[in-house]
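Subject: Handing over a structure

Hello,

I am passing a structure on to you, with some notes on what turned up when I went through it. Please have a look at it before you read on.

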Amino acid sequence: FISKPPERVDCLLMEGTMLAREGGKYPDEAAVVQGIIEALQKSANTVIPVYCSGQNIDRIVSLYKAVRKAKALFVVDPYTAYMLRVVGDISKSIPQIEWDNIRVFVANYGRGDIYINKISSSERKEMMFSLGKKKIKAFDFISLKQKALLLMRNTMIPVVEKIPQIRGATLIYSQWEGYLKKNTPDAKKFWEFTKRNNLNIEYIHTSGHATVEKLRAFARAVKPKLLIPIHTNEPERYSSLFSNVKLLNDGDVLEI
């Protein structure tokens, strides 16, 4: 895109999430992979839960790379397995449940596994054979001979707590920490879960947003007549980083 940008751009809306998040211990996905490997190696527990969105494909790829290098297992839920299948139709480098080192956590949410039930009948038939071969349930973790990185989120807490090795484990939080600082029911549920099970939290995350230098390279290539900050906590910094900046407030009307 930068080598052959569109011409005569009147206005560029430029996000700036990373203006407030520069630096950090994990600047990119490669650093995340190494951080996950180290967390797996030093964990005394064989089960390491990790909070990560099932739709964050870059991060899931990083988690899979880490377990391969650490000779561990990557355990996903059926929803994530289905997300990987959908994206796998586009790219053959996306991990699939048939691959080595991957298992699928199938649990009873009261009416069976709700994520399996949400997969349509035609799609379910194609996936059920693989799910059956790769499924793992809460008490199956006891017999594992290697460590397991378990992808999870708040809705899975009741079934994750049935895993005997979960108490005292290291929990890896691989999302924006700001979610946990908000006074929301989800944040409260997370903290209650970690306290109840005496979990040690490690924050291993890097933003999916572009760095400031990449944003500047993008703007230099496009050469817009106007550049308007959006999605940022620091709009006042734009004038020192970009050319032709115009600040607008929510609700302002700009005629081009």
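Let me start with the aromatic rings: the count of aromatic pairs comes to 10. One of them joins Phe105 and Phe141, whose ring centres are 5.7 Å apart; their planes meet at 75°, so this pair is edge-to-face. It connects distant parts of the chain, with Phe105 in strand 4 and Phe141 in the loop between strand 5 (135–136) and strand 6, 36 residues apart. Are these two residues buried or exposed? Phe105 counts as buried because its relative accessibility is 2%, and Phe141 counts as buried because its value is 1%.

Another pair is formed by Tyr173 and Tyr203, with ring centres 6.1 Å apart and planes at 70°, so it is edge-to-face too. Distant parts of the chain are linked here as well: Tyr173 belongs to strand 7 (residues 170–173) and Tyr203 to strand 8 (residues 200–203), and they are 30 residues apart. With a relative accessible area of 3%, Tyr173 is buried, whereas Tyr203, at 31%, is partly exposed. Both tyrosines belong to a cluster in which ring pairs link Tyr51, Tyr173, Phe190, Trp191 and Tyr203.

Before going further, please keep in mind that this is a predicted model.

Now for the chain as a whole. The protein chain has 10 helices and nine strands. Its C-alpha atoms fill a box of roughly 60 × 40 × 35 Å along the principal axes. Of the 256 residues, 45% are buried. Among contacts with a separation of 6 or more, 76% are between residues 24 or more positions apart. The accessible surface of the chain comes to about 14,500 Å², and carbon and sulfur atoms account for 52% of that surface. As for charge, there are 39 positive and 27 negative charges, and their mean positions are 7 Å apart.

Helix 2 (residues 57–70) is one I went through in some detail. Does its length come out as expected or not? At 1.5 Å a residue, its 14 residues should span 20 Å, and the end C-alpha atoms are indeed 20 Å apart, so the two agree. Which of its residues are buried? They are Ile57, Arg59, Ile60, Val61, Ser62, Leu63, Tyr64, Ala66 and Val67. As a reminder, an α-helix has 3.6 residues a turn, so residues three or four places apart point the same way. The cover over the buried residues of helix 2 includes helix 1 (29–42), strand 2 (47–51), strand 3 (73–76), helix 3, strand 4 (102–105) and strand 6 (148–152). Strand 4 is also where Phe105 sits. Just after helix 2 comes Lys71, with a positive phi near 55°.

Helix 3 (residues 78–88) holds Met83. Leaving aside residues up to four places away in sequence, Met83 touches Gly54 and Gln55. Between Met83 and Ile57 the C-alpha distance is 8.6 Å, with their positions 26 residues apart in sequence. Ile57 is one of the buried residues of helix 2.

Lastly, some backbone angles. Most residues other than glycine have a negative phi. Which way does phi go at Lys223, positive or negative? Lys223 is not a glycine, yet its phi is positive, about 55°. Lys223 lies in the loop between helix 9 (212–222) and strand 9 (226–230), and it counts as exposed because its relative accessibility is 62%. From the C-alpha atom of Lys223 to that of Pro235, 12 residues apart along the chain, the separation is 19 Å.

His231, also not a glycine, has a positive phi of about 50°. The loop that contains His231 runs between strand 9 and helix 10 (238–241). At 56% relative accessibility, His231 counts as exposed.

That is what I have for now; I hope it helps you find your way around.

Best wishes

Conventions
Residues numbered from 1 in each chain as written. Predicted model: local features only at pLDDT ≥ 70, side-chain atom pairs only at ≥ 80, totals over all residues. Heavy atoms only, no water. Helix = DSSP H or I, 4+ residues; strand = E, 2+ residues; numbered from the N terminus. Contact = heavy atoms within 4.5 Å. Buried < 20%, exposed > 50% of the residue type's maximum accessible area, 1.4 Å probe, protein only. Areas by Shrake-Rupley, 256 points an atom, 1.4 Å probe, with all protein chains shown as cover. Lys, Arg positive; Asp, Glu negative; His and termini not counted. Charge placed at Lys NZ, Arg CZ, Asp CG, Glu CD. Expected span 1.5 Å × (residues − 1). Phe/Tyr/Trp six-rings, centres within 6.5 Å; stacked < 30°, edge-to-face > 60°.
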